[in-house]
Amino acid sequence: LFSRATLVLALLAIGGVGSALEYFGVTSFSEERDPRVQQWDPRVEPIAAFVENERGLTFDYPVYVNFLTEQEYVDLFTGDAAWEPDQATIDYYADLSALYDAAGLATDLDLLASENTVFSVSTLGFYSFDTDTIFIRGNELTPDVKAVLAHELVHALQAQHFDIALGGQNDLALRSIVEADALRVEDVYISTLSEADQETVRVALTADASDDAALSDVPVALVEQNIAPYVLGPQLLESVFADRGNAGVDALIETPPTEEILVDPTLFGTGQRDAVITVDVPEGATVIEESQPLSMIDMLAMLDAWLPWRDARGALDDWNGGGYASYVTSEGVACFSVDASFDTTPDRFFDAVVAWAAASQSSATPQIDGQRVLFEACERTESATTPPTPVITMTTAIFYEHSAVSELPAGTPDEEVDAWRCVARTMVDHPEAAPLLMQPEWSADDEAAYDSILTSVYPSCGVPAVPD
């Protein structure tokens, strides 16, 4: 466990997502034509046939693929062709921006502009439900463009075979599965290319310094929320596909898992279901978001922005769902209310929210009600700051923690599984180990330093001896 090879693979998987990220959802671009064509573009047809064969499904009709130059693609989000929101949408995004402040994740955020930046910088293609069209960043069929095309064709195929309604209450879970499905097929397609072409794809799909610079003003939490489906979904889908093949993937799309299962795939098959809790909006307040299921990932992102990973993640170990609603008070302040439920005592979550409020300068004051924790968080004062830049991001930490337990033998006692989780969480927070974990290449000295730190962590987590 925790070998250098495992870590490098994890970092490549997550790092590659940054540039391969694509927007699979509803768009409102105004210039597009009726995409239902009579036959496949000859450039697309062989890849479509590959996708059909690998996915075990058949296209009902060809899909239009819009190959765009770099500037044409960027203009979809930032140029004259970009969607122009009406005033109601602008106001709604302003309220959502204020909620990022209430969650302690940003100050003075322009959410709409930040989302456009994420999409224009970090995407290589997307499938639009509105126009049934695939948009590709590139008008030459290079190896990386072919790989992205294979990914997007999976989404088009999904849309023809499943009732996929994004934007609902299970949006993150559904996105995680459909993205994992597309990533798996994309990976298989890439494996058929020559070694030289595979290296071309790897370089093209990995975020570089210019991408990081362009996203430097975007809140980490927003980038993480967009990346999360690409990290969470594959962890679960990989094991389901190995066990049941495409039929298992179909079942996941039709009945997405809970977010807790996505964070901890070892819970899959345990019948995990979230409690259904309704959150009332205060009298006289204007609703931003109606009462809906509370997102475990959103709570984790909020806590992790200000607390050590061990405290933030540990606070959600006994998660049982909850409710959430947001609103603007009669005084004009944006707030959200949370009612979080747990399988056992909620003390750790309560303590974490108290610590988060103190660190982020929030006035939130949580209360315990049996196995539930309730609190309201509102826009912070003008002196409030943005969270510190993390050494290891939330999605990377989730991936790393899962790697610590995913290959343990079946039937491993819960105490031993918890011990390995403890090791992973401790390493993520370790001031010397954390920077090492983010290095894609290690020297012999780095390897020795990592092993030394890991060995020192074992006893504190109840791992009795260095594993073979």
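This short presentation describes aromatic pairs, one cavity and the disulfides of the structure shown above.

Good morning. Please keep in mind throughout that we are looking at a predicted model.

I shall begin with the aromatic rings. The structure contains 15 aromatic pairs, and I have chosen two of them to discuss. In one, Phe50 and Tyr189 meet edge-to-face, with 5.3 Å from centre to centre and 75° between the planes of the rings. If you trace the chain, you will find Phe50 in helix H2, which covers residues 45–55, and Tyr189 in helix H7, which covers residues 171–191. The two residues are 139 residues apart, and their pair links distant parts of the chain. Both Phe50 and Tyr189 are buried.

The other pair is made by Tyr73 and Phe126. Here the arrangement is tilted, with the centres 6.2 Å apart and an angle of 55° between the planes. Why does this pair tie together separate parts of the sequence? Tyr73 belongs to helix H3 (residues 70–78) while Phe126 belongs to strand S2 (residues 125–128), so the contact bridges parts that are 53 residues apart in sequence. How accessible are these two side chains? Tyr73 has a relative accessible area of 0%, and it therefore counts as buried. Phe126 is likewise buried, with a relative accessible area of 0%. Tyr73 and Phe126 also belong to one aromatic cluster, together with Phe77, Phe119 and Phe135.

Rings may also meet charges. The charged end of Arg184 is placed over the ring of Phe241, 3.7 Å from the centre of that ring.

Let us turn to the cavities. Searching the whole structure gives four cavities of 30 Å³ or more. I shall consider the second largest, whose volume is about 60 Å³. Which residues line the second largest cavity? They are Val263, Asp264, Pro265, Arg313, Ile398, Glu401, His402, Val405 and Arg421. Helix H15, residues 394–405, contributes the most to this lining, with four residues. Sorted by class, the lining of this cavity comprises four nonpolar, one polar and four charged residues.

Finally, I come to the disulfides, of which the whole structure has two. In one of them, Cys335 is bonded to Cys378, with the sulfur atoms 2.0 Å apart. The torsion about this S-S bond is about 105°, and therefore the disulfide of Cys335 and Cys378 is right-handed. Cys335 sits in strand S7 (residues 334–342) and Cys378 in strand S9 (residues 372–378), so the bond ties together parts that are 43 residues apart in sequence. Cys335 and Cys378 are both buried.

The other disulfide joins Cys422 to Cys461, again with 2.0 Å from S to S. Is this link left-handed or right-handed? The angle about the S-S bond is -65°, and the link of Cys422 and Cys461 is left-handed. Cys422 lies in helix H16 (residues 414–429) and Cys461 in helix H18 (residues 444–461), so this disulfide ties together parts that are 39 residues apart in sequence. Cys422 has a relative accessible area of 12%, and buried means under 20%, so Cys422 is buried. Cys461, at 10% relative accessibility, also counts as buried.

One last point concerns the order of the cysteines. When the bonded cysteines of the protein are numbered in sequence order, the pairing reads 1-2, 3-4.

Thank you for your attention.

Definitions and conventions
Residues numbered from 1 in each chain as written. Predicted model: local features only at pLDDT ≥ 70, side-chain atom pairs only at ≥ 80, totals over all residues. Heavy atoms only, no water. Phe/Tyr/Trp six-rings, centres within 6.5 Å; stacked < 30°, edge-to-face > 60°. Buried < 20%, exposed > 50% of the residue type's maximum accessible area, 1.4 Å probe, protein only. Lys NZ or Arg CZ within 6 Å of the ring centre and 35° of its normal. 1 Å grid on protein atoms, 1.4 Å probe; cavity = no way out; pocket = protein on both sides within 12 Å on 5 of 7 lines; lining within 4 Å. Points joined across faces, edges and corners; volume = space filled by probe spheres on them. Nonpolar A, V, L, I, M, F, W, Y, C, P; charged D, E, K, R; others polar. Disulfide = S-S within 2.5 Å.
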